[in-house]
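Trainee: I'd like to practise reading a protein structure from scratch. Could we go through one together, with me asking and you answering?

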Amino acid sequence: MNLQPEWITVGALADGFAGDNHILPARDDLAGRHLTLHFDNGWQIEHRFGAATLSWNNVGESAGEELAYRATSVRPGLYLVDFLKQDQGATHSVSLVLDLERQCFTAVLGQMPSRDETRTDLFSRALAGGELTSVKAQFLHGAIDRPCTADTPRHAPTEELIGLRNQYVYSASEAYEHVYLNADFYSWQCLKGVEQGLADTDRCHYYKVAEQLYLFVWREKIVPTLGLVLIDLAVGRSDGKIFGYQGADFESFANFPVGALARVLNRTSHC
């Protein structure tokens, strides 16, 4: 008899992914650089990078506190920078896709739900016409070190992943399968690892960064989780992070890197 697979916290998931894995090494290429991000919405935020920490501030203001960050590079001139910041007592996930060659960027700002928000059941959310997930994500775009104009390149939403069924091997012990269903949803299942036997269909977002390179973000509804990866189909790998609560007490956060060997299993085309 098969036992019912158990849902686990993001902290427990981090423990499962901690072993011999396929994450990209952190890079210090940005150390010593000062980049000003000009957002489409009018924000202008300066980022000063050290080897392992950065500080940020609105243009014209003094630099803020030093924050630990992780930077990786899937292709020359393109970096994924990830860190957590505090804003009015709340912890926010910040992930920056910095496209230095084209001098543009995409920022993904994520936030976990409060304890009370997680207590609203899925049926009530559906009847209210809202999203089933209570995890929030905001997508912002802009230019690096120059004002935004109509000619500024932008990482645009894409449908190029839709129909793909991909396998992601994160380590010798962890493997998953993704099926990209449509513009709003994908299905996943754990083939091997700490979530083996679990599967679900969750809200997701796709952006094209370059040819065969995609930013993929998902927001889970059962255990509050924000996942974010760059998928490079040209070389068959992904790199990114997972963010959520460390445990069930809503007191602390887990924000850990993930990287996988990626393989396209097949593509479904609905004519």
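**Working through the chain**

Mentor: Let's begin with one residue: Gln88 counts as exposed, with a relative accessibility of 80%. Keep in mind that this is a predicted model.

Trainee: Where is Gln88 found?
Mentor: Look at the two strands on either side of this residue: β6 covers 78-87 and β7 covers 90-99. Gln88 falls in the loop between β6 and β7.

Trainee: What is the phi of Gln88 near?
Mentor: Gln88 is a residue other than glycine, and its phi is a positive value. Phi of Gln88 is near 55°.

Trainee: And Gln103, is that buried, exposed or partly exposed?
Mentor: Gln103 has a positive phi of about 55° too, although it is not a glycine. Its place is in the loop between β7 and β8. Buried means under 20% and exposed means over 50%. Gln103 has 28% relative accessibility, so it counts as partly exposed.

Trainee: Let's zoom out. How many helices and strands does the chain have?
Mentor: Count both kinds of element along the chain. The secondary structure comes to 3 helices and 18 strands.

Trainee: Why does the radius of gyration agree with a compact globule?
Mentor: The chain has 271 residues, and a compact globule with that many would have a radius of gyration near 18 Å. The value for the chain agrees with that, because it is 19 Å.

Trainee: What box do the C-alpha atoms fill?
Mentor: Take the box along the principal axes. The C-alpha atoms of the chain fill roughly 65 × 40 × 40 Å.

Trainee: What percentage of the contacts comes from residues 24 or more positions apart?
Mentor: For burial, 48% of the 271 residues are buried. For contacts, consider those with a separation of 6 or more. Residues 24 or more positions apart account for 49% of them.

Trainee: What about the surface, how much of it do carbon and sulfur atoms supply?
Mentor: The chain exposes about 13,000 Å². Carbon and sulfur atoms supply 50% of that area.

Trainee: How far apart are the mean positions of the positive and negative charges?
Mentor: The chain has 23 positive and 34 negative charges. Take the mean position of each set, and the two are 4 Å apart.

Trainee: Which residues does UniProt list for "domain: MoaF C-terminal"?
Mentor: An unreviewed UniProt entry also has the annotation "domain: Molybdenum cofactor biosynthesis protein F N-terminal", which covers residues 6-113. That span is 7% helix and 50% strand. The span you ask about is 0% helix and 65% strand. For "domain: MoaF C-terminal", the unreviewed entry lists residues 155-268.

Trainee: Why is helix α1 described as largely enclosed, and which strands do its buried residues pack against?
Mentor: Helix α1 is largely enclosed by the rest of the structure because 6 of its 8 residues are buried. Those buried residues are Val10, Gly11, Leu13, Ala14, Gly16 and Phe17. They pack against β12, β16, β17 and β18.

Trainee: Which residues does Gly11 touch?
Mentor: Gly11 is found in helix α1. With a relative accessible area of 2%, Gly11 is buried. Not counting residues up to four places away in sequence, Gly11 touches Tyr245, Gln246 and Ala254.

Trainee: In which strand is Val258 found?
Mentor: Val258 has a relative accessible area of 2%, so it is buried. Beyond its neighbours within four places in sequence, its contacts include Phe17, Ile23 and Tyr170. Val258 is found in strand β18.

Trainee: How far apart in space are His22 and Ser238?
Mentor: His22 lies in the loop between α1 and β1, and it is partly exposed at 27% relative accessibility. Leaving aside neighbours within four places, its contacts include Val169, Arg237 and Gly259. In sequence, His22 and Ser238 are 216 residues apart. C-alpha to C-alpha, they are 8.9 Å apart in space.

Trainee: Last one: by how much are the C-alpha atoms of Thr149 and Thr9 separated?
Mentor: Thr149 lies in the loop between β9 and β10, and at a relative accessible area of 40% it is partly exposed. Along the chain, Thr149 and Thr9 are 140 residues apart. Their C-alpha atoms are separated by 43 Å.

Methods:
Residues are numbered from 1 along each chain as its sequence is written. This is a predicted model: local features need pLDDT of at least 70, side-chain atom pairs count only at pLDDT 80 or more; totals for chains, interfaces and linings use all residues. Side-chain values use heavy atoms; hydrogens and water are left out. Helices (H or I, at least four residues) and strands (E, at least two) are DSSP runs, numbered from the N terminus. The radius of gyration is taken over C-alpha atoms; the globule rule is 2.2 Å times the number of residues to the power 0.38. Buried means under 20% relative accessible area, exposed over 50%, partly exposed in between (1.4 Å probe, protein chains only). Contact means heavy atoms within 4.5 Å. Accessible areas come from the Shrake-Rupley method with a 1.4 Å probe; for residues, only the protein chains shown count as cover. Lys and Arg count as positive and Asp and Glu as negative; His and the chain ends are not counted. The place of a charge is taken as NZ of Lys, CZ of Arg, CG of Asp or CD of Glu. UniProt positions are given in the numbering used here, feature names are shortened, and annotations may be inferred rather than shown by experiment.
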